[in-house]
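Q: I have a model on my screen and would like a close look at one part of it, with the surroundings filled in as you go. Could you walk me through it in plain words?

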Amino acid sequence: MRFIILFLTFFQSIIFSQSSSNSLSLTIYPEFSYQGISIEYKFFSNGELIKFNVPSNIDSVLYTISDTNLQKEEILPIVEKTIFSQQDEGLHTIYAFLEQFEKIPSERKFSYSFLTNKSFDNIILSLQIPFGSEDLSFQVNNNEVEERVRDQNGLTFLQTEISDFDQNESVEIGLRYYNPHGQTSIEYASNIAFKSQETDNLITPKVDNIKRYPFLTWQPMLIVLIMGLLIIFNYETIKKKN
């Protein structure tokens with residue numbers, strides 16, 4: 001289920017390709033299709049070596065590179081809580097999957113101190129809002145993020161931007177929310193759709209049970225025509241007598 005994110009971010013890659021070549025998109029997906037936190041790093045590279053620190057509770061990393069003459073995808077090893085970029089030109093996308101949450105209703109918390117050895121013109125930080133979540137708080141450098149945007153797939157994100165990011169800086173990210181159903185967003189949406197279909201089946205009568213009566217329009221029209229002729233005949237008769 002975690003690789004559903006790959007399909008959704010294909011469309012985001014088209015938009016990101018139109019932005020600055022020295023930009024980084026960092027998107028957090030809390031319990032979207034994976035029962036945990038997923039982090040997506042997206043950036044252009046001309047082959048330079050870039051490293052990103054990752055949270056200690058990381059589960060696995062998927063690395064993809066997309067270019068005119070190159071399509072690459074592989075699972076990366078983690079070296080001392082660090083991801084190293086591959087030295088290929090093109091659009092690089094890294095998916096880091098962290099340890100899972102328990103599948104029960106509870107409060108979820110996540111914090112991450114982002115570090116890298118590269119300066120960026122701007123960093124776009126986004127959080128996909130989990131379906132059905134409550135009391136959501138998303139902070140970047142201790143500032144609450146409130147701006148909402150919606151992508152082509154209908155997903156809603158909280159988003160902010162950091163300009164002129166220096167490699168010696170860090171970005172402090174904090175996330176807290178309550179998951180009242182204990183499911184991923186995909187499971188929650190699927191259950192809602194299934195229950196809605198069940199309700200429709202209960203209140204929608206079957207076509208076979210409906211007794212239909214023919215509606216013959218020519219009969220009332222014929223009666224109206226006959227009555228009209230009788231009225232005209234009586235009128236002419238009375239007129240002649242006078």
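Which sense of pairing do β2 and β7 show, and over how many bridges?

A: Happy to help, and please keep in mind that this is a predicted model. β2 and β7 pair in the antiparallel sense, over 10 bridges. To find one of the residue pairs on your screen, look for Lys42, whose bridge partner in β7 is Thr93.

Let us stay with β7 for a moment. This strand covers residues 89–100, and nine of its 12 residues are buried, so β7 is largely enclosed by the rest of the structure. Strand β4 (residues 58–67) also pairs with β7 in the antiparallel sense, here over eight bridges. Ser66 is a good place to see that pairing, as its bridge partner in β7 is Leu91. β7 therefore has pairings with both β2 and β4, and it is largely enclosed because nine of its 12 residues are buried.

Now follow the chain out of β2. Between β2 (36–46) and β3 (51–53) there is a loop, and Ile50 lies in it. Although Ile50 sits in a loop, this residue is buried, with a relative accessible area of 0%. Its contacts help to fill in the picture: leaving aside residues up to four places away in sequence, Ile50 touches Phe43, Ile83, Phe84, Ser85, Thr116, Asn117 and Lys118. One of those, Phe43, carries a number that falls within β2 (36–46). You can also check a distance from Ile50 to Gln86: the two are 36 residues apart in sequence, while their C-alpha atoms are 8.0 Å apart in space. For the chain as a whole, among contacts between residues at least 6 apart in sequence, 75% join residues at least 24 apart.

From here, move on to another group of strands. β8, β14, β10 and β11 form an open sheet of four strands in the order β8-β14-β10-β11, with antiparallel pairing. The edges of this sheet are β8 (106–114) and β11 (143–144); each has a single partner strand, so one side of each is left without a neighbour in the sheet.

Going across the sheet, begin at β8. Nine bridges join β8 to β14, and the two run antiparallel. Phe114 stands opposite Val171 of β14 there. On the next step, β10 and β14 also run antiparallel, joined by five bridges, and Gln139 stands opposite Gly174 of β14. The last step leads from β10 (residues 134–140) to β11, which are antiparallel and joined by two bridges. Val140 has Asn143 as its bridge partner in β11.

β14 (residues 171–179) deserves a look along its length. Its side chains alternate: Val171, Ile173, Leu175, Tyr177 and Asn179 point to one face and are buried, whereas Glu172, Gly174, Arg176 and Tyr178 point to the other face and are not. As a rule, side chains in a regular strand alternate between the two faces of the sheet. The residues opposite β14's neighbours fall on both sets: Val171, facing Phe114, is buried, while Gly174, facing Gln139, is not.

Two residues with an unusual sign of phi are worth pointing out. Most residues other than glycine have a negative phi. Asn142, however, has a positive phi near 65 degrees. Asn142 is placed in the loop between β10 and β11 and counts as exposed because its relative accessibility is 67%. Asp164 also has a positive phi, near 50 degrees. Its place is in strand β13 (residues 156–165), and at 62% relative accessibility Asp164 counts as exposed.

There is also a cavity to find. The count of cavities of 30 Å³ or more comes to one, and about 30 Å³ of space lies in the largest cavity. Its lining is made up of Pro30, Glu31, Pro130, Phe131, Ser133, Tyr177, Asn179, His181, Gln183 and Ser185. By class, these lining residues divide into four nonpolar, five polar and one charged. Tyr177 and Asn179 of the lining are the ones you met among the buried residues of β14.

Finally, here is the wider setting. The chain has three helices and 14 strands. Of its 242 residues, 38% count as buried. The accessible surface of the chain comes to about 14800 Å², and 54% of that belongs to carbon and sulfur atoms.

Note on methods. Residues numbered from 1 in each chain as written. Predicted model: local features only at pLDDT ≥ 70, side-chain atom pairs only at ≥ 80, totals over all residues. Heavy atoms only, no water. 1 Å grid on protein atoms, 1.4 Å probe; cavity = no way out; pocket = protein on both sides within 12 Å on 5 of 7 lines; lining within 4 Å. Points joined across faces, edges and corners; volume = space filled by probe spheres on them. Nonpolar A, V, L, I, M, F, W, Y, C, P; charged D, E, K, R; others polar. Pairing = 2+ DSSP bridges. Buried < 20%, exposed > 50% of the residue type's maximum accessible area, 1.4 Å probe, protein only. Contact = heavy atoms within 4.5 Å. Areas by Shrake-Rupley, 256 points an atom, 1.4 Å probe, with all protein chains shown as cover.
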